[in-house]
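Work through the exercises below with the model open. Try each task before reading its solution.

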Amino acid sequence: MAKNFVSNKDETAVMFKNPFLEKLSRIHWSVPLFMYVPVTLFFLYRSVFVLHLGILLIVGFYIGGIIMWTFTEYILHRFVFHAHFPGKLGARISFIVHGVHHDYPKDSKRLVMVPSISIPLAVVFYALFYTVLGPLYSAPAFAGLVTGYLMYDMTHYAIHHYNTQNPFWLSLKQHHSLHHYSESHKGYGVSTKLWDHVFRTMFRKTKEAKQDSMI
């Protein structure tokens with residue numbers, strides 16, 4: 001298998017000469033949990049005790065929000081993270097957005113979204129949900145979306161840094177491994193393979209069956 005990374009160790013590359021910007025580009029994997037678990041609990045609390053929604057409505061919109069995130073995850077990964085922007089500036093942006101992760105796939109400080117990206121995304125999606133679903137149903141749906149995001153971030157970190165024998169997690173690990181080390185134009189799903197099946201970006205069956213031990 002061709003080597004298409006710079007380092008497969010837990011080390012990093014300096015992206016910015018400015019120390020402040022460089023610090024902002026790195027994050028401990030636990031930070032999203034401290035930031036967004038309270039957000040999820042707040043909107044679930046609001047759904048039950050403030051908006052007085054029925055349990056079936058809450059569960060339905062919550063699950064819908066999770067599914068919405070998995071679709072968002074796929075679209076962002078495929079069409080934004082793997083976009084090839086033109087020119088030297090474009091190449092620089094591509095490297096900052098996602099290229100650095102493919103060059104240093106085990107860099108533990110660049111495996112989850114930094115707040116400078118996740119917060120604007122959260123604001124945009126809440127505004128979208130509020131506009132489309134209204135003040136009632138946007139609360140449980142947004143709680144589900146944030147839960148889906150946390151599942152994505154934690155899964156991404158785990159499949160790069162933890163070994164597992166659980167068939168489900170091992171399957172996701174192998175899927176993401178093939179994306180990194182074999183065919184980066186396929187396998188854009190991280191927390192689920194669902195949308196790779198839907199949009200036909202799955203790996204060939206013969207390759208998918210092979211376990212890659214590099215992650």
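The exercises cover a loop residue, a helix, the cavities and a pocket.

This is a predicted model, where local features need pLDDT of at least 70, side-chain atom pairs count only at pLDDT 80 or more, and totals for chains, interfaces and linings use all residues. Residues are numbered from 1 along each chain as its sequence is written, and side-chain values use heavy atoms, with hydrogens and water left out.

**Exercise 1.** Place S108 and decide whether S108 is buried or exposed.

*Solution.* Start with the location. S108 sits in the loop between α4 (87-103) and α5 (115-161); helices are DSSP runs of H or I, at least four residues, numbered from the N terminus. Next, take the relative accessible area, which is 13%. Buried means under 20%, with a 1.4 Å probe and protein chains only, so S108 is buried. Finally, list the contacts (heavy atoms within 4.5 Å). Outside its neighbours within four places in sequence, S108 touches D10, I27, Y157 and H161.

**Exercise 2.** Check the span of helix α3 (residues 55-81), then find what covers its buried residues.

*Solution.* The expected span is 1.5 Å times one less than the number of residues. For the 27 residues of α3 that gives 39 Å. The end C-alpha atoms are 37 Å apart, which agrees. Now look at burial: the buried residues of α3 include W69, E73, L76, H77 and F81. Their cover includes α2 (31-50), α4, α5, α6 (167-181) and α7 (194-198).

**Exercise 3.** Describe the cavities of 30 Å³ or more.

*Solution.* A cavity is a set of points on a 1 Å grid over the protein atoms alone where a 1.4 Å probe fits but cannot get out; lining residues have an atom within 4 Å of a point. Volume is the space filled by probe spheres set on the points, which are joined across faces, edges and corners. The search finds two cavities. The largest has about 110 Å³, and α5 supplies the largest share of its lining, eight residues. The second largest holds about 30 Å³; α3 gives the most to its lining, five residues. W69 and M113 are among the residues lining the largest cavity, and W69 and M113 also line the second largest.

**Exercise 4.** Which residues lie nearest the centre of the largest pocket?

*Solution.* A pocket is an open set with protein on both sides within 12 Å along at least five of seven lines. The largest pocket has about 650 Å³ of space. Of its 27 lining residues, I96, V97, M113, V114 and I117 lie nearest the centre. The largest share, six residues, comes from α5.

Definitions and conventions:
Helices (H or I, at least four residues) and strands (E, at least two) are DSSP runs, numbered from the N terminus. Buried means under 20% relative accessible area, exposed over 50%, partly exposed in between (1.4 Å probe, protein chains only).
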